[in-house]
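Biologist: I am a first-year student, and I am still learning how to read models like this. Please pick a single part and take a close look at it with me, step by step.

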Amino acid sequence: MRLPTTSRRRALISGTVIACAGALSPAPDGRAATPPPPTTPQAHHAAPPAHPATHPAAHSAARPVPAGESISVTGGITTPTGVRNTTPGGGMMPVQTAPKSRSEVTRDFIAKKPANTTVQAMLASMPGVSYARSDPYGQISRGIVVRGLNYTQVGYLVEGIPLTDGVYLSPDAIGGSPDMENVSSVALTQGSPDISSPAYYSVGAEIRTTLRDPARKFGGLLESSYGTWKMKKEFARIDTGEIGHTGIRAFMSYSWSYNRFWQTPGSLTRHHVDAKAVKEWGDGNSAGLTFLWGHYIAGGINANGAATPTKAAFEKLGTSALYYNADYTPGVGSYWQLSRLRNDVLAIVAPVRLNLGSGLKLSVTPYFISWDKWTNYGETISQDHSYYGTRLAGPLSLPDVAANGRQTVEVVDPQHQRTLSLMTDLAWTHGHNTLRAGYWYAYLDMPERANYAATSAQGLPANAWGRYGVTTADGQVMSGWDIVFRQQTNALFLEDAYNALGGRLKMNAGFKAVMIQRWVSNLIPGAATYKNGANYVEPLPQLSASFDITPDDQIYVNGTTSFKAPDRSEAYIDIYDAASPIPIQGHPQNMKSEYAIGEELGYRHNGLVHLSAALFNYNMVNHDVLSTAFVGGSLVTAPIILGGQTIRGAQLEVGLRPWHFFSPYASGSYVHATTDNDFRVGNDLLPTAGKTAVNTPSFTGAIGLAYDDGTYFGNFNLNYIGRRYSTFMNDESMPGYLTSDITLGYRMPTLHVAHTALYRPQIQLNLMNIGNNIYYAQAAGLTSNARTMKGLYGTTIAGKSPTYQIGGGFAIAGAVTIGF
């Protein structure tokens, strides 16, 4: 029987069996509903989800189907990992309605990836994304680029708060970020963020990570994972269900993981806790409390990953070019155990949603983030010719001076950030209009004082976390930088949304003003810039509209603005080193905010086949290009102001709802990003205007195929990243490359052991980077030109080779998961 269009759309959106037999009642354990007798050969595999609100598409499952009609669509399974097999594209293309480009993955995809992977790795197949997976599991990799814009221009929100280093804008990929077992969805908005977003710096895109809600019934999950590179992860979660008759429900989880690095002799150890409590009452009232805590230590690896060789070094030495020295030599600073990271993160967020009646809704969200991060690396200092700022510091009292008169030390760089914030949002709906007004305040404080820890004869310092630093002849602790960074942010926004034509036409107009005050000081003796700072005030208007051509088809258009204040303390103060009284890295003068104006035109179709297509254009000024450089032995970020940039392109996503248990997915994008200005080198200019932007592939694409019949499951993902330039003059580039991953799994029936039900135990196998493809993942140290050439004014400008992050090798991991 052919259904009317509206009925067909309802049936396809639900992705589950909907029958005229009536509503389904919850199962006793609260995990799933009990389906009616099957009406088709496939119907016995389907069951509606236990918590429809946790899945964007599941809201439509409650819509009635006209009496006398029934259909069946494969999907709607129940699993302890949260997989429902209802999202198109194997979990990679849920229904979207926002008037802007947005891609998303749900539990149907997330649960089938390795247990110790990260949020950023989940987005590798999204259109416009090039993800530099510089280790097989994606743990240390931060190299995500969206439409040519780097991670400092991509907002990263967890439960609505920016879980990002507030100074260096580095996303917290593995410290405080939640375990993927607790993540219900990860959404990527390609373009500027929502007007109420606290990630003001999201010039290029915004990532929103949402945790699962606590279950309504008591239960839990146990998972144990093992893999190559000695990977191990143990995970345990317990749901309280409703506590008494309070309406409060909560979950808490703990995980421990360990793995060796494929590039270096080092390893990573991580401990993590996620906890969330929710109380709901009345009509649309709720209060919650989310707690995230993480601690990890990584040895034998720099803050920006493994060593980053030039092309010549990598082609000559292969992967051995990525290693630090495996054995300690006195007077040499490249011993692998002196390069390490430590990260301790605590985040607390307490959202409150209140329905005040008369169309008024209030949202208040206070949050607190504590971030302690140590970034250490090896170096050597002279006993008699070392400097503390501009002052000669020696002779130093050092325990193990080598024959060359130098002592190996570990440079200890601790950052202690504290952020306290309040977000408010008041919405009033009257007739066809919804008016929203909001205010966001945040205060950040960060001291960062480096010191030098002398090593013993075995190559290790007495303390690598800030104690027992090398002192000068007059007893002062030596340091290369002694920074105090404070920031205060105020943001106001006002937005009006208007619905017409029965809700088919939606129009939004909004205005946001962001005001940032920064105070930065450097307490190093003799520092030329002792105090610095800046005030930034930016107006950010937004306009958007969408029109539902049919219940299944939507077109949208938007015009947005966004900005990013300069990141990194190096934008304001100079960096010193013991080797010289002259700064080894000076700060740019009068560094301005990056500002972007963007437009998008898009089309979506929802049905058995989901399709999303968009055209986009950005115009940027004061574009800040992310690069790295070795400063005093450390691989640090270095600001490069390139000027204007224009980005234009198109993207496409296609996904199929589960059909005979198969769900294919494909995405592709074309990006044409060009530099608008010539690049200054000294007193001359290089003709970079019109050149292709660095680290920006013109073409990216992905193919995915998922299978899940409720018992057997698996998926295949293939990613292609096109050629990218690594110099502003486009005279050196990285070739394009392919990577592919496979997942295989099996779910058992529920087992009963000693009066305990073990809910659908499953085993899963993940194979990453099949074929062990070793590739240039991303340019790390950008240069203006690789070949010597003359500038526009006739100066000879020497060429310098860029450096590269190298893509992670092959890995295989297995996991056993049990629900109860």
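Modeller: Happy to! Let's begin with a stretch to treat with care: over residues 1-74, pLDDT (the predictor's confidence in each residue, from 0 to 100) stays under 50. The model has 123 contacts beyond four places in sequence for these residues, a contact being heavy atoms within 4.5 Å. Where pLDDT is low, the predicted coordinates should not be read in detail. For the protein chain, the mean pLDDT is 86, and 89% of the residues reach 70 or more.

Two ground rules will help. This is a predicted model, in which local features need pLDDT of at least 70 and side-chain atom pairs count only at pLDDT 80 or more, while totals for chains, interfaces and linings use all residues. Residues are numbered from 1 along each chain as its sequence is written, and side-chain values use heavy atoms, leaving out hydrogens and water.

Now for our close look: an open sheet of five strands. A strand here is a DSSP run of E with at least two residues, numbered from the N terminus. Two strands pair if DSSP finds at least two bridges between them. Across this sheet the order is S1-S6-S7-S4-S5, and the pairing is mixed. At its edges are S1 (102-106) and S5 (161-162), each of which pairs on one side only.

Step inwards from S1 and you meet S6. Five bridges join S1 and S6, and the two pair in the antiparallel sense. To find this pairing on your screen, look for Ser103, which stands opposite Leu188 in S6.

S6 covers residues 183-190 and runs antiparallel to S7 (residues 205-211), with seven bridges joining the two. Two pairs make good landmarks here: Ala187 has Arg208 in S7 as its bridge partner, and Gln190 stands opposite Ala205 in S7. Why is S6 described as largely enclosed by the rest of the structure? Because eight of its eight residues are buried, where buried means under 20% relative accessible area, exposed means over 50%, and partly exposed lies in between (1.4 Å probe, protein chains only).

With those words in hand, you can compare a few single residues elsewhere in the chain. Thr380, in strand S15 (residues 360-382), is buried, with a relative accessible area of 16%. Beyond its neighbours within four places in sequence, Thr380 is in contact with several residues, including Gly331, Val332, Gly333 and Arg406.

Leu501 sits in the loop between strand S21 (482-500) and strand S22 (505-522). At 57% relative accessibility, Leu501 counts as exposed. Its phi is near 55°, a positive value in a residue other than glycine. Asn622 also has a positive phi, about 55°, although it is not a glycine. Asn622, however, is found in strand S28 (residues 609-631) and counts as partly exposed at 25%.

Two last stops for your tour. Gly394 and Pro395 are joined by a cis peptide bond, with omega about 0°; Pro395 belongs to the loop between strand S17 (391-392) and strand S18 (406-430). Finally, S25 and S26 form a hairpin with two residues between them. S25 (residues 575-577) and S26 (residues 580-585) run antiparallel and are joined by two bridges, and Ile575 stands opposite Gln585 in S26.

Key. Helix = DSSP H or I, 4+ residues; strand = E, 2+ residues; numbered from the N terminus.
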